[in-house]
Amino acid sequence: MSLTVPVLRVPRTLPVLMCHSVPATGGPSGDLQVPLGELREQLRVLRDDGYTVTGLTEALDLGLREPGPRVVALTFDDGYADFLAVAELLADLGCGATLYVPTAHVGGQGMVRDAGRLLTWSELEDLAAAGVELGSHSHRHRPLDVLPAGEFRVQVDTSRAELYERLGVVARSFCYPHGYPVRRAAEVLGAAGYTNACVIGRRIAGPGDDVFAVPRLQLRPGLGAAGLRALISRGEPGVVPRLKRVAAPGWRVVRGLSLRVTGHELT
Ligand SMILES: [Zn+2]
């Protein structure tokens, strides 16, 4: 039986920021790390400019209101242990965020080099109690678009069940590992109980965007206040080479072949 799900759209223009690791000390070792001090300054800029900063699900809900507040959504991928200090910062500044958890890797080693371990279930429980939105980053953090048919559904269902059974969290938001969206994802995600999902995208989300493929903007180290304001008003300048490959159907075919022939997951 085929399930038909109406395509739901992002209600209004919505900058969605993507972060990974936030080291409390020392400099970043790559552009997927933003030092805690910089994040503090960036959140202050947004707050002083009159933005409500919150998780993706709440941001989409706020976008349905008329008149709505100025909103920026804030998201963190993978669940690095350094998010514990971010949670304190969010509480201090009255901000919210969505944290995407790959449930098979909880308490294990992170995906970003030099970013340290991932949060434990006990720490995630505390964060959920503190009001952080916990979303699914799949179960095993594999690129879902090249996996065998049916595996996407397993990854979607397993991670959601783990979050509920271990934490009592009903996950509404999903984040595709490595940013690769999946065709007809809305049917699977909607049936599982999710109401939104995000990709990398590197542009500002807006009316017309599928809520199950919300694009995000990468928050990079060294951006500064002017860079942040430009990012949320104009989007990312240019597209990095890797994202050009992501966008190319040929690259997806190469990754699919690599997985089937050698078992190696190119990302
Ligand atoms: Zn990830």
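Two residues are in contact here if their C-beta atoms, placed from the backbone, lie within 7 Å.

**Figure 1. Overview of the predicted chain.** The model is predicted. The chain carries 9 helices and 8 strands. Of its 267 residues, 44% are buried. Take the contacts between residues at least 6 apart in sequence: 66% of them join residues at least 24 apart.

**Figure 2. The largest nonpolar core and Ala197.** This core has 66 residues. Ala197 and Val214 touch the most other members. Strand S3, residues 71-77, gives the most to the core, with 5 residues. Ala197 also has a list of partners beyond its neighbours within four places in sequence. Among them are Ser173, Phe174, Cys175 and Tyr176. Phe212, Ala213 and Val214 are in contact with Ala197 too. Ala185 and Leu189 complete the list. Val214 is thus both a partner of Ala197 and, with Ala197, one of the two core residues that touch the most other members.

**Figure 3. Helix H5 against helix H6.** H5 spans residues 151-167, and H6 spans residues 185-192. Their axes come within 10 Å and cross at roughly 25°. Angles under 35 degrees count as roughly parallel, so H5 and H6 are roughly parallel to each other. The crossing is right-handed. From H5, the contact residues are Phe152, Arg153, Val156, Asp157 and Arg160. They meet Val188, Leu189 and Ala192 of H6. By class, this contact has 5 nonpolar and 3 charged residues, and no polar ones. Leu189 of H6 meets H5 and is also in contact with Ala197.

**Figure 4. Helix H1 against helix H3.** H1 covers residues 36-48, and H3 covers residues 83-93. The two axes come within 11 Å and cross at roughly 25°. H1 and H3 are therefore roughly parallel to each other. H1 passes H3 in a right-handed crossing. H1 brings Leu36, Leu39, Arg40, Leu43, Arg44 and Arg47 to the contact. H3 brings Ala85, Val86, Leu89 and Leu93. The classes are 7 nonpolar, no polar and 3 charged residues.

**Figure 5. Leu89 on helix H3.** Leu89 lies in helix H3. Is Leu89 buried or partly exposed? A residue needs 20 or more other C-beta atoms within 10 Å of its own to count as buried. Leu89 has 19, so Leu89 is partly exposed. Leaving aside its neighbours within four places in sequence, Leu89 is in contact with Leu36, Leu39, Arg40 and Leu43. These four residues of H1 also appear in the contact of H1 with H3. Gly37 is 52 residues from Leu89 in sequence. In space, the C-alpha atoms of Leu89 and Gly37 are 9.8 Å apart.

**Figure 6. Ser138 in the loop before helix H5.** Ser138 is found in the loop between strand S5, residues 133-136, and H5. Where does Ser138 stand, buried or exposed? Ser138 has 28 C-beta neighbours inside 10 Å, so Ser138 counts as buried. Residues up to four places away in sequence are not counted among the partners named next. Ser138 touches Pro102, Leu144, Gln155, Ser159 and Pro177. Phe174 is 36 residues from Ser138 along the chain. The C-alpha atoms of this pair are separated by 7.4 Å. Phe174 is also one of the contacts of Ala197.

Methods: Residues are numbered from 1 along each chain as its sequence is written. This is a predicted model: local features need pLDDT of at least 70, side-chain atom pairs count only at pLDDT 80 or more; totals for chains, interfaces and linings use all residues. Axes are lines fitted to C-alpha atoms, for helices over the stretch in contact, and angles run from 0 to 180 degrees between N-to-C directions. Helices (H or I, at least four residues) and strands (E, at least two) are DSSP runs, numbered from the N terminus. Angles under 35 degrees count as roughly parallel, over 145 as roughly antiparallel, 65 to 115 as roughly perpendicular and the rest as oblique. A crossing is left-handed if the near helix is turned anticlockwise from the far one by less than a right angle, and right-handed if clockwise. Ala, Val, Leu, Ile, Met, Phe, Trp, Tyr, Cys and Pro count as nonpolar, Asp, Glu, Lys and Arg as charged, and the others, Gly among them, as polar. A nonpolar core is a set of buried Ala, Val, Leu, Ile, Met, Phe, Trp, Tyr and Cys residues joined through C-beta atoms within 7 Å. A residue is buried if 20 or more other C-beta atoms lie within 10 Å of its own, exposed if 12 or fewer, and partly exposed in between; C-beta atoms are placed from the backbone.
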